[in-house]
Amino acid sequence: MKYFLLPVALAATMLVLSSCQDDSSSPLSPRVEMGMAAPGLSYDVQPLQVDLPGALSPRAFGVNARGDVVGWYGLSSTEGTLYKGFLWSDGEFHPIQFPGALHSPARGINEQGDIVGSWSGPGPPKGFLLHQGEYTSIEVPGAAASYATDINSNGVIVGTWNDDGGAGHGFLLEDGVINSFDVDVEGATTTFAYGINTQGDVAGYYQHPDLGYGPYIRLADGTFLTDFDPPEPDARFFFLDISATGAIVGAYEWWDPDWGGGHVRYTSFVRDRHGTYTKLETSAARSMEAYAINSAGMVVGFGWSPSIIAFVAAPENPAGH
């Protein structure tokens, strides 16, 4: 399904999508192999302390090849908790605030420094693009809510929109045109789209009334890959991003009987293009979700135990990435 986007901008803002290429050596989508190999990589996981006034419960959602990180945090106010975006670049934190919005979490960043996220209040959630200091609102026509979740180095934006019944659908925004898509799994009720790499491959997951939820990769040619081995036997798991090298990040769910009398936990993982899973764990968090990975293997996300922390994870043996 195609929609032609009519930009809804503040002041004279125009929708400008970057057309620059990154330095990836492969012009084609990497083959994502379906088998599972023995574990190999190890990661150094460190909390990311968001040094902005009043920042609470930070979450990291996006990282580019330069190591710039975006995400969001809570801010107490007389109107309740507000959710604000941040950019961490060259060791410094910068707030991200869509003009006039109550909430403006940031979710993705590309090599050129373009940032996407969502904003709301007043009104339902809509996506945004921050390009060279100018904000543009992104809304799928007819959607009850629109969320922009990532942007690649070619300026292609991926996200999820909700219909009036609450079901989610993926979308791609390229050259001002929105293409909506749904995973080709019979009976799936919702498609969440989260990450996109340089080649145009999309990572996400779907919901199903019988299966619960499951991961998918949508290749640039529109082909869906859904038959993946789990990181643990019978684990329910989901994908959230894919790098230019075909590495995938996400998390799987499991029941921890020792946490507060019993609690669902999530363990983050990196899956390389050959099917090798590596867990991401730290004593600073009992539950973790990895949301983004760059071409060097740097991973960002958040965890809780029970307070929420953002984290950055770097591969200790990147040659094996």
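In this predicted model, strands 16, 17, 18 and 19 form an open sheet of four strands in the order 16-17-18-19, paired in the antiparallel sense. Strand 16 and strand 19 (224-225) are the edge strands; each has a single partner strand, so one side of each is left without a neighbour in the sheet. Within the sheet, strand 17 (residues 202-208) and strand 18 (residues 212-218) are antiparallel and share seven bridges. In this pairing Val-202 stands opposite Arg-218 of strand 18. Arg-218 also takes part in a contact with an aromatic ring: its charged end sits over the ring of Phe-181, 4.7 Å from the ring centre.

Aromatic contacts

The structure contains 27 aromatic pairs. One of them joins Tyr-194 and Tyr-205, which are stacked with 5.9 Å between centres and 5 degrees between the planes. This pair links distant parts of the chain, since Tyr-194 belongs to strand 16 and Tyr-205 to strand 17, eleven residues apart. Are these two tyrosines, Tyr-194 and Tyr-205, buried or exposed? Both Tyr-194 and Tyr-205 are buried. Ring pairs also place Tyr-194 and Tyr-205 in a cluster whose members include Phe-61, Trp-72, Phe-192, Tyr-213, Phe-302 and Trp-304. Phe-302 has a charged group over its ring as well, namely the end of Arg-59, at 5.4 Å from the ring centre.

Strand 26 and its partners

Strand 26 (residues 308-315) has six of its eight residues buried, and it is therefore largely enclosed by the rest of the structure. Strand 3 (residues 43-48) runs antiparallel to strand 26 and is joined to it by six bridges; here Leu-48 stands opposite Ala-310. Strand 25 (residues 299-304) is likewise antiparallel to strand 26, again with six bridges. Strand 25 and strand 26 make a hairpin with three residues between them, and Trp-304 stands opposite Ile-308 of strand 26. Trp-304 is also a member of the aromatic cluster described above.

Internal cavity and surface pocket

One cavity of 30 Å³ or more is counted in the model. The largest cavity holds about 300 Å³ of space and is lined by 31 residues. Strand 4 (56-63), strand 8 (106-109), strand 12 (145-151), strand 16 (190-196), strand 20 (236-242) and strand 24 (287-293) each contribute at least two residues to this lining. Strand 16, an edge strand of the four-stranded sheet, is thus named among the contributors to the cavity wall.

The largest pocket has a volume of about 230 Å³ and is lined by 13 residues. Strand 14 (168-174) and strand 15 (177-181) are the elements that give two or more residues to the pocket lining. The table sets out the two spaces.

| Space | Volume | Nearest its centre | Lining by class |
|---|---|---|---|
| Largest cavity | about 300 Å³ | Val-63, Asp-150, Ile-196, Asp-241 and Ile-293 | 13 nonpolar, 13 polar, five charged |
| Largest pocket | about 230 Å³ | Val-156, Leu-172, Glu-174, Gly-200 and Ala-220 | five nonpolar, six polar, two charged |

The cavity lining divides into 13 nonpolar, 13 polar and five charged residues, with Asp-150 and Asp-241 among the residues nearest the cavity centre. The pocket lining has two charged residues, and Glu-174 is among the residues closest to the pocket centre.

Notes:
Residues are numbered from 1 along each chain as its sequence is written. This is a predicted model: local features need pLDDT of at least 70, side-chain atom pairs count only at pLDDT 80 or more; totals for chains, interfaces and linings use all residues. Side-chain values use heavy atoms; hydrogens and water are left out. On a 1 Å grid over the protein atoms alone, a cavity is a set of points where a 1.4 Å probe fits but cannot get out, and a pocket is an open set with protein on both sides within 12 Å along at least five of seven lines; lining residues have an atom within 4 Å of a point. Grid points are joined across faces, edges and corners, and a volume is the space filled by probe spheres set on the points. Ala, Val, Leu, Ile, Met, Phe, Trp, Tyr, Cys and Pro count as nonpolar, Asp, Glu, Lys and Arg as charged, and the others, Gly among them, as polar. Buried means under 20% relative accessible area, exposed over 50%, partly exposed in between (1.4 Å probe, protein chains only). Two strands pair if DSSP finds at least two bridges between them. Rings of Phe, Tyr and Trp (its six-membered ring) pair if their centres lie within 6.5 Å; planes under 30 degrees apart count as stacked, over 60 as edge-to-face and the rest as tilted. A charge sits over a ring if NZ of Lys or CZ of Arg is within 6 Å of the ring centre and within 35 degrees of the ring normal.
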